[in-house]
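Work through the exercises below with the model open in a viewer. Try each task before reading its solution.

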Amino acid sequence: MNLTFENRVALVTGAGRGIGRAIAESLAKEGVTVICVSRSASSCGEAADAICAAGGKAVAKAVDVANGPEVAKACEELLAEYGNIDILVNNAGITKDNLLFRMTEDDWQSVIDTNLNSVFHWVKGLARPMTRKRRGRVINITSVSGIMGNAGQTNYSSAKAGMIGFTKSLARELASRSITVNAVAPGFIKTDMTSALADNALDMILPQIPLKRMGEASDIANMVTYLASDQANYITGQVFTVDGGMAM
Ligand code: NAP
């Protein structure tokens, strides 16, 4: 199947590394102009430079997605420059794992701010011009933790489950404007986020994955690229697990 994207601009948060970078590269290969957002200027700058060096179109924008006013300002600047962002991928995320009795309020708040509140701020900032164009894609990167729960991740699972509720409600609100809103729930994917897992943790996780291996960032990027394309026009309000069968 050939995917079509005509003159599309995408914004991918957390595009500096891991899954977000793979999503940015995959969209750029399809001819999409990609705004790479990450916390540090060097990280999103490197991602955008690599895309441009490979013949794609990308720019970098350092934004702390956990900071609502900073996101609002970035949205204003980007809309002044591009008029409309066609594809918004809310991917930036962090973990601060601990069992509930040891979790600090800061561990809780920073994970909720970065993973969930950020989605509210980006959508508030970018969705109105999409409604005027009667076209758009919002794709939220949640997690199997938000579906199944995970000991040590009450903060992260709550944020990721919140993203799923947000996705379904927003899909209902924006469907009349032909804007689709979907979520992708990765399982265990090889990135910096999971590189800290001890070997014995992996020994416990792998038997729970029917495909018996971790996924690649490109596995998530392939799903996101499809959902962002014109070919996914009739899909909205869904959560797609890409997890080697873990959460079936
Ligand atoms: P990663 O390798 O740790 O990369 C995270 C990216 O998010 C980085 O580019 C980072 O920016 C950016 N980021 C973090 N906090 C930010 C902030 N406050 N403002 C702006 N950017 C911020 O993570 P990943 O594994 O690719 O995960 C990407 C998404 O997939 C996350 O939402 C994660 O929860 C989800 N996910 C991952 C897995 C997995 O197994 N890896 C599984 C399920 C879900 P810098 O580069 O500037 O630090």
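Three exercises follow on this predicted model, each with a worked solution.

**Exercise 1. Place Val9 in the fold and decide whether Val9 is buried or exposed.**

Step 1. Locate the residue in the secondary structure. Val9 belongs to strand 1, which spans residues 9-13.

Step 2. Apply the accessibility cut-off. A residue is called buried under 20% relative accessible area. Val9 has 11% relative accessibility and therefore counts as buried.

Step 3. List the contacts, leaving out neighbours within four places in sequence. Val9 then touches Val32, Thr33 and Ile35 as well as Tyr82, Asn84, Ile85, Asp86 and Ile87.

Step 4. Relate sequence separation to distance. Ala28 lies 19 residues from Val9 in sequence, and their C-alpha atoms are 9.5 Å apart.

**Exercise 2. Describe the sheet: what is the order of its strands, and which helices pack on it?**

Step 1. Trace the order. The sheet is open, has 7 strands with parallel pairing, and reads 3-2-1-4-5-6-7.

Step 2. Find the edges. Strand 3 (57-62) and strand 7 (239-242) each have a single partner strand, so one side of each lacks a neighbour in the sheet. From one strand to the next, the twist averages 20 degrees.

Step 3. Examine one pairing. Strand 1 and strand 2 (residues 33-38) run parallel and are joined by 5 bridges. Thr33 in strand 2 is the bridge partner of Val9.

Step 4. Add the helices. Helix 1 (residues 18-29) packs on the sheet and touches strand 1, strand 2, strand 4 (87-90), strand 5 (136-141) and strand 6 (179-186). The direction of helix 1 makes about 170 degrees with that of strand 1. Helix 6 (residues 154-174) also packs on the sheet, in contact with strand 4, strand 5, strand 6 and strand 7. Between the directions of helix 6 and strand 6 the angle is about 160 degrees.

**Exercise 3. Characterise the surroundings of the ligand: which residues come nearest?**

Step 1. Survey the residues around the ligand. There are 30 of them, and Arg17, Ser43, Asn91, Tyr156 and Thr191 come nearest.

Step 2. Check polar backbone atoms against ligand oxygen. A polar backbone atom of Gly16 is 3.4 Å from an oxygen atom of the ligand. For Arg39, a backbone N or O atom lies 3.1 Å from a ligand oxygen atom.

Step 3. Repeat for ligand nitrogen. A nitrogen atom of the ligand lies 2.9 Å from a backbone N or O atom of Val65.

Step 4. Assess the cover. On its own the ligand has 900 Å² of accessible area, and the protein covers 96% of this.

How values were computed. Residues are numbered from 1 along each chain as its sequence is written. This is a predicted model: local features need pLDDT of at least 70, side-chain atom pairs count only at pLDDT 80 or more; totals for chains, interfaces and linings use all residues. Side-chain values use heavy atoms; hydrogens and water are left out. Helices (H or I, at least four residues) and strands (E, at least two) are DSSP runs, numbered from the N terminus. Buried means under 20% relative accessible area, exposed over 50%, partly exposed in between (1.4 Å probe, protein chains only). Contact means heavy atoms within 4.5 Å. Two strands pair if DSSP finds at least two bridges between them. Axes are lines fitted to C-alpha atoms, for helices over the stretch in contact, and angles run from 0 to 180 degrees between N-to-C directions. A residue is near a molecule or strand if one of its heavy atoms lies within 4 Å of it. A polar contact is a pair of N or O atoms within 3.5 Å; within protein, one must be able to donate a hydrogen and the other to accept it, and residues adjacent in sequence count only if both atoms are side-chain atoms. Accessible areas come from the Shrake-Rupley method with a 1.4 Å probe; for residues, only the protein chains shown count as cover.
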